[in-house]
Amino acid sequence: MKDKKPKSVFKEGAITSDFIGNSIYKHQTKTSIGAHNIFLGQVRADEIDGKTVSAIEYTAYEDMANQKFHEIRESAFAKFDLTCMHIYHSLGTVKAGEICLFVFVSSPRRKVVFEALEFIVEAIKADVPVFGKEIFEDESHQWKVNS
Amino acid sequence: MHINIKYFGQIAEITNTEEESLELNGRLVSELLEILNQKYNKLKSIDFQVAQNQELVSIETELTGAEIALLPPFAGG
């Protein structure tokens with residue numbers, strides 16, 4: 001059965017490796033799956049004008065963002081033969097080195113999951129109204145822009 | 001027309017509020033933006049997109065009375 005229910009995508013704070021590991025574990029009962037693929041977005045300690053990013057504080061236009069995540073899910077299921085798909089994105093503060101985005105796709109066959117994952121991650125970066133305030137070690141900040 | 005406007009990220013820093021309501025005589029998104037540019041000078045120096053009823057719209061779009069949001073560049077992931 002395809003997993004198409006609307007889900008809550010946003011999580012407060014960083015996405016932990018426990019949470020990610022547990023998500024993988026939960027798929028052991030879905031034995032039609034032959035391939036998983038996972039994308040983890042990690043906060044980078046960029047150095048800008050001699051100052052280092054220590055964290056990103058995420059906010060979102062949540063209603064629109066959830067709608068966009070839903071559209072991305074629907075088009076990914078329409079385009080690719082996926083058994084299931086999960087997206088989690090952080091809100092609030094995520095420190096450098098912590099995970100802020102977790103995308104998990106599963107299919108009977110491997111080729112599909114490579115293509116699907118790239119499609120989904122690029123769509124999230126381009127279409128979902130999430131905003132990131134890069135906090136420097138001296139507590140000044142600047143606004144992140146996806147390139 | 002009564003319009004509810006939401007501000008995010010760097011825009012909310014400039015407006016110093018995340019949400020406000022305005023009474024407006026204009027018909028187009030561009031007319032609303034003119035008013036906001038006068039109210040918040042620094043808006044002109046910022047790159048942003050406009051959403052009406054959670055969909056991105058051009059400035060020539062007619063206002064429907066649905067929620068408007070000013071969205072700075074996206075930074076998800």
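Let's start where the two chains meet: across the interface of chain B and chain A, ten residue pairs are in polar contact. Keep in mind that this is a predicted model. On the chain B side, the elements that give two or more residues to the surface touching chain A are α1 (9–15), β4 (55–57) and β5 (68–71). The one that gives the most is α1(B), with three residues. Sort the chain B residues on that side by type and you get nine nonpolar, five polar and four charged.

How many residues does each chain bring to the contact? Chain A brings 25 residues, and chain B brings 18 residues. Together the two chains bury about 1,800 Å², with 59% of that on carbon and sulfur atoms. Within chain B, the residues that lose the most area to chain A are Gln54(B), Phe74(B) and Gly77(B), and together they account for 39% of what that side buries. There is also one salt bridge between the chains. Look for Lys68(A) and Glu55(B): they form a salt bridge in which the closest N and O atoms are 3.6 Å apart.

Now stay with Gln54(B) for a moment. You'll find Gln54(B) in the loop between β3 (49–52) and β4 of chain B. Its backbone has a phi near 70 degrees, a positive value in a residue other than glycine. That's worth a second look, because most residues other than glycine have a negative phi. Asn16(B) does something similar, with a positive phi near 65 degrees. Asn16(B) sits in the loop between α1 and β2 (19–23) of chain B. Are these two residues buried, partly exposed or exposed? Asn16(B) is exposed, with a relative accessible area of 70%, while Gln54(B) is partly exposed, at 21%.

Next, head inside. The largest nonpolar core has 33 residues, and the members that touch the most others are Ile87(A), Ile120(A) and Ile124(A). Several elements of chain A each supply at least two residues of this core: β4 (51–60), α2 (62–79), β5 (84–95), β6 (99–107), α3 (110–127) and β7 (130–136). Which element gives the largest share? That's α3(A), with seven residues. Another core, of 18 residues, lies apart from this one, and its members include Ile3(B), Val29(B), Leu32(B) and Leu36(B).

To finish, zoom in on Ile124(A). Leaving aside neighbours within four places in sequence, Ile124(A) is in contact with Phe69(A), Ile72(A), Ile87(A), Leu101(A) and Val103(A).

Note on methods: Residues are numbered from 1 along each chain as its sequence is written. Chains are lettered from A and ligands numbered from 1 in the order in which they are written. This is a predicted model: local features need pLDDT of at least 70, side-chain atom pairs count only at pLDDT 80 or more; totals for chains, interfaces and linings use all residues. Side-chain values use heavy atoms; hydrogens and water are left out. A nonpolar core is a set of buried Ala, Val, Leu, Ile, Met, Phe, Trp, Tyr and Cys residues joined through side-chain atoms within 4.5 Å. Buried means under 20% relative accessible area, exposed over 50%, partly exposed in between (1.4 Å probe, protein chains only). Helices (H or I, at least four residues) and strands (E, at least two) are DSSP runs, numbered from the N terminus. Contact means heavy atoms within 4.5 Å. Buried area is the accessible area (1.4 Å probe) that two parts lose on being put together, summed over both. A salt bridge is a side-chain nitrogen of Lys or Arg within 4 Å of a carboxyl oxygen of Asp or Glu. A polar contact is a pair of N or O atoms within 3.5 Å; within protein, one must be able to donate a hydrogen and the other to accept it, and residues adjacent in sequence count only if both atoms are side-chain atoms. Ala, Val, Leu, Ile, Met, Phe, Trp, Tyr, Cys and Pro count as nonpolar, Asp, Glu, Lys and Arg as charged, and the others, Gly among them, as polar.
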